[in-house]
Every structure is written in C-alpha cells, then in structure tokens.
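Reader: I have a new structure to go through. Could you walk me through it, beginning with the charges?

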Amino acid sequence: MLTSIVGTNWGDEGKGRMVDLLSSHYEIVVRYQGGNNAGHTVVNEKGKFIMNLLPSGILRENTVNILGPGIVIDLEHLAHEMGALQEKGIEIKPGHLLISDRATICMPYHKLLDGLEEDRLGDKKFGSTRRGISPVYADKYMKKAIRMGDLRDIEGLADRLAGLIEWKNLTVEKGYGHEPVILDEIMDWLRAYGAPLVPYITDTTHYLKDAIEAGKSIIFEAQLGALRDIDFGIYPYTSASTTLAAYAPIGAGVPFAKLDESIGIMKAYSSCVGEGPFTCEMHGEEAKALRDAGGEYGAATGRPRRVGGFDVVASRYGAMMQGCTYIALTKLDVLSYMKEIPVVTHYLVNGEQTDRFPADIKALEEAQPVVEYLPGFCCDISNCRKPEDLPPAALAYILYIEKAVGCPIKYVSVGAERDAYIEMF
C-alpha cells in the first residue's frame, strides 16, 4: 500500500499526529518536500515531540524513515533535531533513517538571504520563517545547489563553493550591504554538521524501488498544505515547494510509483501561520478563545496562528487538489467550548456569492466570508472512541463537513494522545 498523508488547507492540520498513528501499519515513511520551515507535533506514551525535518515515523523503532530528494536539509537543524530526540530515548541509527544523496542542502547563506529580504520588504513581507527555504529552492532550480551526496567529499567542495560564494556575495554584500559570506566559515559548518550525517546518506531511489517490488507499505508524508503549494496555493504567499499528493512519488525519488490512496488532513476549524489572504479569519477575543483552546502556536516558529471557523470553500478546493480518498478530521475536541460553531459556506467576491476558491490573489484578498452557525456539542469528547460515543451535535457536525467537502471522513481525532481518535468506518 502506497499512501500519501497531506494537508488540505494552509498547513498545521495535524499531519504528524496522523502519520504517527497510522505508521504502525506501514514499514516505511518518506518526507518528500519542504524543509524545516514547518513542524509536526506528536504526543505519545514517550512524550511530546516536535519534528521539522525528520519523518514522523521516526518515533517507531521498526519503521524505516527516509528524507527524499525533493526536500531541502539544513544540516545544523537536522543535527539538533536528531540530538533532541536521542536525549528523549529515541535512537536514530543508519538504517532507521536514510537520507537521499539527491536531497539539497540549505546553506547558512540561504538563511541569511531569506532574512535580509524579509527585512527589506518590511510591511510587505511574505511572512517567511527566515529558514532559507525559498533561496535554497531557487538555487536548486538554477543548478547552483549543494546536495547531500556531495558531503562524501567535503574537502573536494572547496573550489566549487568558492565560486558559489563569490556569486552569493554579489547580492549579500553589494546588494544588501551586509558583511560577506566567508568560505572558511561555510567549510567549517559543513565539517561540523555534514560529516556526521554521511553514514545515513544513500541512494534511496533504489532502496524504495526494491521495497515497492517487495510489496512493502509506504507512507509519503507532506509538509504544509494544498493552499501553500507553489503552483496551486495562495501565490505568492506560498511555500517554494510542491505540497500536493501527486508530487509524492517524484519528491520521494520514485516517479514510476503510483499511489493507492491519499489521506487529506483537515482541522475541525481553520488555522494559518504567515501572511496572505485568510477569508475565514476571526479577530479579537473570539480568535483568542479559539487559539488558546487549540494551542494554536507554530511548531517551528512559536508564532501565534491566525484562526477561524471551518472554511468549506477552501477545504473543498484543498481536498480536490490533493485527490483525497478520504479525510482525517483533527482537533474536533477543541470546539467543545462553543455554543454555536461558525462555518464559512461561501465567499462574496465582487458582490457575488461563490463556492469556488479564487485563483486570483486580488479576488481572494477582497473576498468576504458567508458564515452559518451549527449547534455546538458543549461537552468533553476526549474519551470518545466510537462514533456512537459522540453527542448527536458532534456527529452532525462531522457529517455536515463530510457532505460539504464531498469526501468521506474516516478518522476523527478527539485529543493529542496517540489513541485519542475515532474510526468512522
């Protein structure tokens, strides 16, 4: 079984929680796009874990975890992330973690350039995490990137890096007026953080080809959500990578593979980190109440997330773009405090009501929400484990979303713990 687990909205839908849950049925978990600019939070019997680069299956001893060629890797961040997990008793050995030799390295100068550009933009900034993601993907497509396989001969990189740094300093020093990037410092960084990762680096494409031919089960784990996709998201307020399930085999290094199913993750309400249009957004005390109830602060950045009611228009579009076989609905328990649950059913664009998600950014920025209110269930549902355990209003809310989005809901999470979920069918 080849399964993608993807976000249907703006990211932060709870993908890590679902990968951790479902990985007990799978032998391999592959991260196939993005970098350390978003985080997956997992709570299980071992504690609470926040992972930005490592696949969420890393918490299971018998699961092989792969960083595919479609992702970008900050070596320093990965080293610290691995160290933090190992301090909590999660042993990470070669074989338990495999890193594609084709994956791209996010260098210190990429992070520097990301921050310099955000500072230059001021009030017009994109809301970047300043972790170098857009600059490193730009270099990848300009064919000026360093890849993980290059770490097998770090000293041999000096001449090539000298040319790249000379090119970078045209922008860093002569463009932004910043202190120049220094070759020796970059080489020291590669030695310190790259050399220890060499035992993990391999040709993951052939590994996965053999695994697929042997009938092994694989999860393809995405970062962010459909609305942050570089082509089909809220451009230019997107990530720099392709966040869609259709890209999973490519980003994982097995473009010849075909997915069996796509599981779309969506929250029972809406949340968003970063800039850009967010039509369903709440403000003031209403927003604070939902943010606090859901613990809506970025796993990678700690930034308060923008929050709103469930957005039917955005979620239906996201489920379509992800080709969802079915949906996992997360954080239903968060809504327990609401007497009435707001749902955005349509947008008003140029005075006309629509249920289609606009591609035009100006139309999206000017769109106004059409809100309906559904009855709240006003009780603790965190101990519910079967559909019949749910109060009627909670079950009605699930069925409403299922019909509105046009995709069956198979899983509903009612808490952060590994077993706090309901299987609907």
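Author: Please note that this is a predicted model. The chain carries 44 positive and 58 negative side chains. The centres of these two sets lie 1 Å apart.

Reader: How much surface does the chain expose, and what share of it do carbon and sulfur atoms supply?

Author: The exposed surface amounts to about 17500 Å². Carbon and sulfur atoms supply 51% of that area.

Reader: And what percentage of the residues count as buried?

Author: Of the 425 residues in the chain, 58% count as buried.

Reader: Turning to the fold, how many helices and strands are there?

Author: The chain contains 12 helices and 20 strands. Its radius of gyration is 22 Å, close to the 22 Å that the globule rule gives for 425 residues, so the chain is as compact as a globular protein of that length.

Reader: What are the dimensions of the box that the C-alpha atoms fill?

Author: Taken along the principal axes, the box is roughly 65 × 50 × 40 Å.

Reader: Among contacts between residues at least 6 apart in sequence, what percentage join residues at least 24 apart?

Author: The figure is 77% for such contacts in the chain.

Reader: Let us take a single strand. Is E1 enclosed or open?

Author: Strand E1, residues 2–7, is largely enclosed by the rest of the structure, because 6 of its 6 residues are buried. The burial applies to both faces. Leu 2, Ser 4 and Val 6 are buried on one side, and Thr 3, Ile 5 and Gly 7 are buried on the other.

Reader: Which strands are joined to E1 by bridges?

Author: One of them is E10, residues 218–225, which runs parallel to E1 and is joined to it by 5 bridges. In this pairing, Gly 7 stands opposite Gly 225. Strand E11, residues 261–267, also runs parallel to E1, with 5 bridges between the two. There, Ser 4 stands opposite Ser 262.

Reader: A change of topic: where does Thr 63 lie?

Author: Thr 63 is in the loop between strand E4 (47–51) and strand E5 (64–67).

Reader: Is that residue buried or exposed, and why?

Author: Thr 63 counts as buried because its relative accessibility is 4%, and the cut-off for buried is under 20%.

Reader: Which residues is Thr 63 in contact with, leaving aside its neighbours within four places in sequence?

Author: Thr 63 is in contact with Ser 23, Tyr 26, Glu 27, Ile 28 and Val 29, together with Gly 57 and His 96.

Terms used
Residues are numbered from 1 along each chain as its sequence is written. This is a predicted model: local features need pLDDT of at least 70, side-chain atom pairs count only at pLDDT 80 or more; totals for chains, interfaces and linings use all residues. Side-chain values use heavy atoms; hydrogens and water are left out. Buried means under 20% relative accessible area, exposed over 50%, partly exposed in between (1.4 Å probe, protein chains only). Helices (H or I, at least four residues) and strands (E, at least two) are DSSP runs, numbered from the N terminus. Two strands pair if DSSP finds at least two bridges between them. The radius of gyration is taken over C-alpha atoms; the globule rule is 2.2 Å times the number of residues to the power 0.38. Contact means heavy atoms within 4.5 Å. Accessible areas come from the Shrake-Rupley method with a 1.4 Å probe; for residues, only the protein chains shown count as cover. Lys and Arg count as positive and Asp and Glu as negative; His and the chain ends are not counted. The place of a charge is taken as NZ of Lys, CZ of Arg, CG of Asp or CD of Glu.
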